[in-house]
Structures are given as structure tokens and as C-alpha cells.
Amino acid sequence: MLTNRESAETTTESKRFLVKCESCAFEHTVADRDEAAVIGSDHQRETRHEVVALEVPPAFDRS
Ligand SMILES: [Zn+2]
């Protein structure tokens with residue numbers, strides 16, 4: 001199932017969602033909650049992996 005973990009405080013309306021797999025390197029950032037849910041359940045259905053969707057602020061940068 002999708003778990004919604006908030007990684008930071010709620011900021012602006014332009015949030016992003018990081019869809020991340022706990023079992024492999026699958027990772028995808030989207031701007032839309034619905035898209036995040038679709039991508040997450042898609043990967044989960046195909047792989048049976050545990051997928052999480054993290055809400056991230058617009059300035060989120062993992063470089
Ligand atoms: Zn996976």
C-alpha cells in the first residue's frame with residue numbers, strides 16, 4: 001500500500017511527490033498526487049515491492 005510520509009512542513013501549493021521503492025532503486029518525482037499514486041501502485045503491482053510516496057517541498061534537491 002501507499003504510505004504517505006511527510007518529510008517536511010507544508011509549504012506552498014506547488015508540492016512535489018517522491019515515489020520511492022523500499023526494495024529496489026525505483027524512484028520517481030512527480031508534481032501531482034494522483035500521478036504519484038498511479039506510478040506507485042503500478043510499480044507495486046508489477047514487482048510486489050513496497051512503495052512509499054513522500055511529500056517534498058519544491059526546493060527539494062538530492063544532489
Ligand atoms: Zn521496486
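Helices and strands here are DSSP runs, with a helix needing at least four residues and a strand at least two, and they are numbered from the N terminus. With that in hand, the chain in this predicted model reads β-β-β-α-β along the sequence. That comes to one helix and four strands. Here's a quick tour, starting with the whole chain and then moving in on the helix and two residues worth a look.

**The chain as a whole**

- The chain has 63 residues, and 11% of them count as buried.
- Take the contacts between residues at least 6 apart in sequence: 61% of these join residues at least 24 apart.

**The helix, α1**

- In the β-β-β-α-β pattern, the helix sits between the third strand and the last one.
- α1 is made of 15 residues and spans 21 Å from its first C-alpha to its last, which is close to the 21 Å expected at 1.5 Å a residue.
- Which residues of α1 are buried? They are A36, G40 and H43.
- These buried residues sit on the same side of α1, because they cover an arc of only 70° around the axis.
- Flip to the other side of α1 and you'll find D34, R45 and E46, which are exposed.
- So what covers the buried residues of α1? The cover includes three strands: β2 (16-21), β3 (27-30) and β4.

**R48, just past the helix**

- Look just after α1 and you'll meet R48, with a positive phi of about 65°.
- R48 has that positive phi although it is not a glycine.
- Its place is in the loop that links α1 (33-47) to β4.
- Is R48 buried or exposed? R48 counts as exposed because it has 8 C-beta neighbours inside 10 Å, and the cut-off for exposed is 12 or fewer.

**P57, after the last strand**

- P57 belongs to the segment that comes after β4 (51-56).
- P57 has 15 other C-beta atoms within 10 Å, so it is partly exposed; that label covers counts between the exposed cut-off of 12 or fewer and the buried cut-off of 20 or more.
- How far apart are P57 and R16 in sequence and in space? They are 41 residues apart in sequence, while their C-alpha atoms are 6.2 Å apart in space.
- R16 is also where β2 (16-21) begins, and β2 is one of the strands covering the buried residues of α1.

Note on methods
Residues are numbered from 1 along each chain as its sequence is written. This is a predicted model: local features need pLDDT of at least 70, side-chain atom pairs count only at pLDDT 80 or more; totals for chains, interfaces and linings use all residues. Two residues are in contact if their C-beta atoms, placed from the backbone, lie within 7 Å. The expected span of a helix is 1.5 Å times one less than its number of residues. The arc is that of the directions from the helix axis to the C-beta atoms.
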